[in-house]
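Me: Please take a close look at the salt bridges in this structure. I would like to know which residues pair up and where each partner sits.

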Amino acid sequence: NEAFQYKLLTQNCTGVSNARNAGLKIATKDYVWFVDGDDMLPKGVLSFLHSIILKTHPDLIEGGYLPVNEDAKTFALDYEFREINTKKNSGGSAWTMIVKRNFLLENHILFQEELAYGEDYLWTFLVNSLVKNKIFVSEIYGYRKSLNSAMRSNTKSKAIRRCQDMIALAEHYRNYGIKYELDVKKRIAMSIQSVLFNSIIFRLDKESVKNFLSEMKKKQLYPYPIMWEHIIPNTSLSHTLINYFTLMFPIEPVFW
């Protein structure tokens, strides 16, 4: 029986991070799961997760996800849910994590509401870095693929906003790294690489690129140390080429 009680909180639309933080504030139970409104949960998943919680009380349950067509009405799996030994494809998204509420509150882990892009990256990084007791499970979530989603409808104005948010994200990584003594060098590099990728892909104007470069230098985010470990080939040819290409990113002329 998957009947459950719920509270409906209605507020002005101020972004997904604000909505998630507001939900966390009014939550009263032991665990939270931030599910996006247009995605789908397979039948029986709540009972499965509840059984794990009753048995082991982990700080974190992390599962994989499967893509669901935009016009799908139901989402069914052809296998039973199960615990596994290694991390599945979680994609760095909050909706693949079921987290103990007190763990989030005690460590002051909230979503950064000023970020329109990348808020999930920071949140999931902090959860994974600070959590002590986690369990991995098979696919438990259906991510709806939409051609009109915010991440797919790219424009130059959105690319500029994404670059601005990636610079702010790099600052957050640095601040949390200092606060919790975490190694955040790779995370900062990835954020700055995102600024460079967006500058190149969307052919941003010279003035915007100049401003990004100046801001990152001022905040001592650029140049960053070359990440030599990126040259280790991956199984994917495209990832290997990207790894070699990003070795140039700490060098200023790449911007131009």
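Reply: Start with D59 and K100, which form a salt bridge in this predicted model. Their closest N and O atoms are 3.6 Å apart. D59 lies in the loop between α2 and β2 (60-68), while K100 belongs to strand β4, so this pair ties together parts that are 41 residues apart in sequence. D59 has a relative accessible area of 16%, and because buried means under 20%, D59 counts as buried. K100 is partly exposed, with a relative accessible area of 23%.

A second pair is E252 and K217, whose closest N and O atoms are 2.8 Å apart. E252 is in the segment after α8 and K217 is in helix α7, so the salt bridge links parts that are 35 residues apart in sequence. Both partners are partly exposed: E252 has 30% relative accessibility, and K217 has a relative accessible area of 38%.

D36 also forms a salt bridge, with R20, and here the closest N and O atoms are 3.2 Å apart. D36 lies in the loop between β1 (31-33) and α2 (45-56), and R20 in helix α1 (residues 16-26), so the parts tied together are 16 residues apart in sequence. R20 is buried, at a relative accessible area of 6%, whereas D36 is partly exposed at 23% relative accessibility. This pair does not stand alone: salt bridges with shared partners join R20, D36 and D120 into one network.

A search of the whole structure finds nine salt bridges, including those described here.

Key. Residues numbered from 1 in each chain as written. Predicted model: local features only at pLDDT ≥ 70, side-chain atom pairs only at ≥ 80, totals over all residues. Heavy atoms only, no water. Salt bridge = Lys/Arg side-chain N within 4 Å of Asp/Glu carboxyl O. Helix = DSSP H or I, 4+ residues; strand = E, 2+ residues; numbered from the N terminus. Buried < 20%, exposed > 50% of the residue type's maximum accessible area, 1.4 Å probe, protein only.
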